[in-house]
Amino acid sequence: MERRLSNPHARDAGDVLGAVGSGRDGLASDEAARRLARDGRNELQQQPGIPAWHLVLDEVRNPLVLVLLGAIGVLIAVSVAEPADARWGDAILIAVIVLLNGALGFVQNYRAQRGIEALRRLETAWVRVLRDGGPAQVDAAELVMGDVVLVEEGDRIPADGRVLVANDLRVDEASLTGESLPVTKHAEAMAADTPLAERADMLFFGTSVASGRGRFVVTATGMATEIGSIARAVQSVREGPTPFQREIGELGRRVTAVVGILIVLIAILQLTIGGRPPLETFVTAVALAVAAIPEGLPVVLTLALAFGTRRMLDRRSLVRSLPVVEIVGAADLICTDKTGTITEGRMSLRRLWWRGRVLSVSGGPEATDGDVTLDGQPTDQRDNLALLAGAVCNNAARDADGTLRGDPTEVALLVGALKSGIDPTAWQRTAEHPFSSARRRMSVVAHDRERRLVLVKGAPEVILPRCTHLDADGGERPITDADREEIGRAVDALADEALRVLALAGRTDDGAVRDDDESDLTFYGLAGMADPPREAAAPALRATADAGVRVVMITGDNPRTAEAVGREIGLAATAIEGRELEALTDDDVVERGEIFARVEPGHKLRILDAFRQRGHVVVMTGDGVNDAPALKGADVGIAMGVRGTDVARDASDMVLLDDNFATIVAAIEEGRRIAANIRKFLNYLLTGNVAEVLVVLIGSLFGYLPVTAIQILWVNLVTDSGPAIALSVDPPAPGLMARPPRHGPVIGRAMLALVAGVGAVIATIVVGTFFIGLALFDLETAQTLTFTALVVQEYLRLAVIRVHEGLSLFANRWLVVAVAGSLLLQAVVLYSPLAGLFGVAPLGLAGWGIVLAGAVIGFPAGLAVTRLVRARLGPL
């Protein structure tokens, strides 16, 4: 049974303790045990992983596979009814294809599931609590409401609770609220309507302590926590099939209907007009059904998507489900998180106000090879006292292997000094007065071989009144009112850039630090820090604009920070706060929404729904628990692999292994390439099937079977499938990312017209070839000519596709190998003992002359039909 205390953030700590039946010394062990039995364990309800048998079932339920299974049943029935005309070879060949397709799809999806599990992080195992009046260690899953928990730097918060004691306690809540900086906590009650991200008297399950220590009383556990409510929302979102899955399913149903109609039509024609016996009529109908079914299509689709997921993995994207590969290419809107996706996810020193000048600091947040520049030119700052104060009045450290440890702000100051050539290890600290939320400053006494200094950093409004002197170009001088006004304007200017501003000061000293020693200081400068955009973010954003993909930034951070980051990457817009959404219509959200700030989980779903209701295909990114419902509800949910939480990754369709926005753009490019290649080989395969159906249908009207079932199977499964699979790894066509996103069906009007038109051209040539062969040779040779002409004509179709795409015939070496290999296999069938199995005769020069004459006609005819369709109906 779930229990949680209502509005604990709005109550005094003593009232909260009374409401949960606890005290400052915690619970008695027997009372804790009783509550555990009553309320249940402090665990989130995990959705069970997809079992292996379910993955297998998904492969079998594919509509095209069901059609193939039906064909196997028909062939077996024929073989049992008439052993002399058995079709066991056909049935076995199709069964092998079905098994191969199922195995490929199962292995790919199984590996993706295991890949997600490998990304899981260990959850909190043990926590320190007060039980029976003293400290004790208990399993985090056994925490109950009323437990008093002790936390310190590095701990993960194991439940929701009200802060009782906070000693410089700062908590990283980015995974829950999106706030990029650690939040300072205190024990004073807040207003009842305080947003979740601003409840400084509360600690939340799944967040982590960045610095300091404290204690809190548990007010909610398990699914009753804030994370639990989000997990429940995620589990309530129902996932339907993707548009691509629906379309392939519809294709399977259409093929089934066509097969049924053709079988009935052939049966009527041959029984009434042709006067054929029932068994022979049934055999012809089976051949026609085999011709209509694209037997190789399930395998080619599965391989195309599997190859796509492999290429995406090479580009740092882990795809959890094969159909996602295609849908991501159709995206026209990216709703992206800010922290860690657009930005580096780490604080960096960006600006330094020093001696009236604004210096810029280049390089990454943890790279020490950047420069401190003035007007774009590098400067020598090794004697800069502001940078020295920031590095020495600092508890961050760099390990021997270069790893940086410490508070994000202090790491930023340390890296900034290292970029300037300042070595803080040359200074030895002899005293420290630590930072606290009450003092809002930190000071140390440190010395090198020549000097002994008091160095101070803190909030400008706290440090500036303690300064009597200013570090200026001519040396240290008394600070004036004009200086103070100039520094105030500099603070405002840096704050307008959404930078976190610290003042840096110091003086010569030879005594221990006391409160009254942090006075008579010399003002050194101002440090402006922020989580900077990734270098690749702005170019990636321009690439999405060129590709017709809109980008919307959604963050839990404050509006000023969001707008500043937006300006740097090219999103110059006024942020809409989450609380403003209630007053906006969906049209307002879609038209005005470029940047959303102070957003909570419910707001994200509102934004997502507004865009999806307007027909957008939405990619949603996120890393926190608060992102999970939106990730689940988006067309494609993309979680972060490095910073992402388990809940977010479990709700996603794809995981970025480097948390980089540019990787999303690469995934869209790869998705478009895959979608284009899928349309390409669908065009190729279905054109062949239409031609085969027309050949069998026309021949049967004259009482002939121009090509046998096993020959058609050979064409569909071997001759066609190899090149089709090779088409799935075709290079992208020129200008792929300069086109708008593809909306509409995979098989649209233009493709249907092209498949029918070119299929009719091929069928006309092949039927002509059959009757010429019948006139000059016997039936077996005529069928062999038909069989070979089908193969050659379909390869000419590849050449036509190449010409219209503007790609070289040799742009894809795998396609060249596939065509050459298929032609070689065709020769083996014609000129080896296999000829008897396939019912073919070796072709002589005259036979090849007839086939090549058809090719000479077919190529320009195919080009003409393709140009006509594209001119009338547009691109595929």
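These are my notebook entries on the cores, a surface patch and one glycine in this structure, which is a predicted model.

Entry 1, the cores. I looked first for the largest nonpolar core, and found that it has 80 residues, with Phe661 and Phe681 making the most contacts inside it. I then asked which element gives this core its largest share, and the answer was helix α23 (residues 661–701), with 12 residues. Apart from this core I noted another one of 36 residues, which includes Val552, Val599, Ile607 and Ala651.

Entry 2, Phe661. Setting aside the neighbours within four places in sequence, I listed what Phe661 touches: Ile334, Thr336, Thr341 and Ile342, then Arg534, Ala537, Ala540, Leu541, Thr544 and Val551.

Entry 3, the surface patch. I looked up a nonpolar patch on the surface and found it formed by Ile76, Val80, Trp88, Ile92 and Val96, which together have about 470 Å² of accessible area. Helices α4 (63–81) and α5 (88–118) are the elements that each give two or more residues to this patch, and α5 gives the most, with three. I also checked Trp88, which lies in helix α5; because its relative accessibility is 43%, between the limits of 20% and 50%, Trp88 counts as partly exposed.

Entry 4, Gly821. I placed Gly821 in helix α28 (residues 813–830), and its relative accessible area of 27% makes this glycine partly exposed as well. Finally I looked at Gly821 together with Thr719, and noted that although they are 102 residues apart along the chain, their C-alpha atoms are separated by 8.8 Å.

Technical notes: Residues numbered from 1 in each chain as written. Predicted model: local features only at pLDDT ≥ 70, side-chain atom pairs only at ≥ 80, totals over all residues. Heavy atoms only, no water. Core = buried A, V, L, I, M, F, W, Y, C linked by side-chain atoms within 4.5 Å. Buried < 20%, exposed > 50% of the residue type's maximum accessible area, 1.4 Å probe, protein only. Contact = heavy atoms within 4.5 Å. Patch = residues over 30% accessible without salt bridge, like charges linked within 9 Å, V, L, I, M, F, W, Y side chains within 5 Å. Areas by Shrake-Rupley, 256 points an atom, 1.4 Å probe, with all protein chains shown as cover. Salt bridge = Lys/Arg side-chain N within 4 Å of Asp/Glu carboxyl O.
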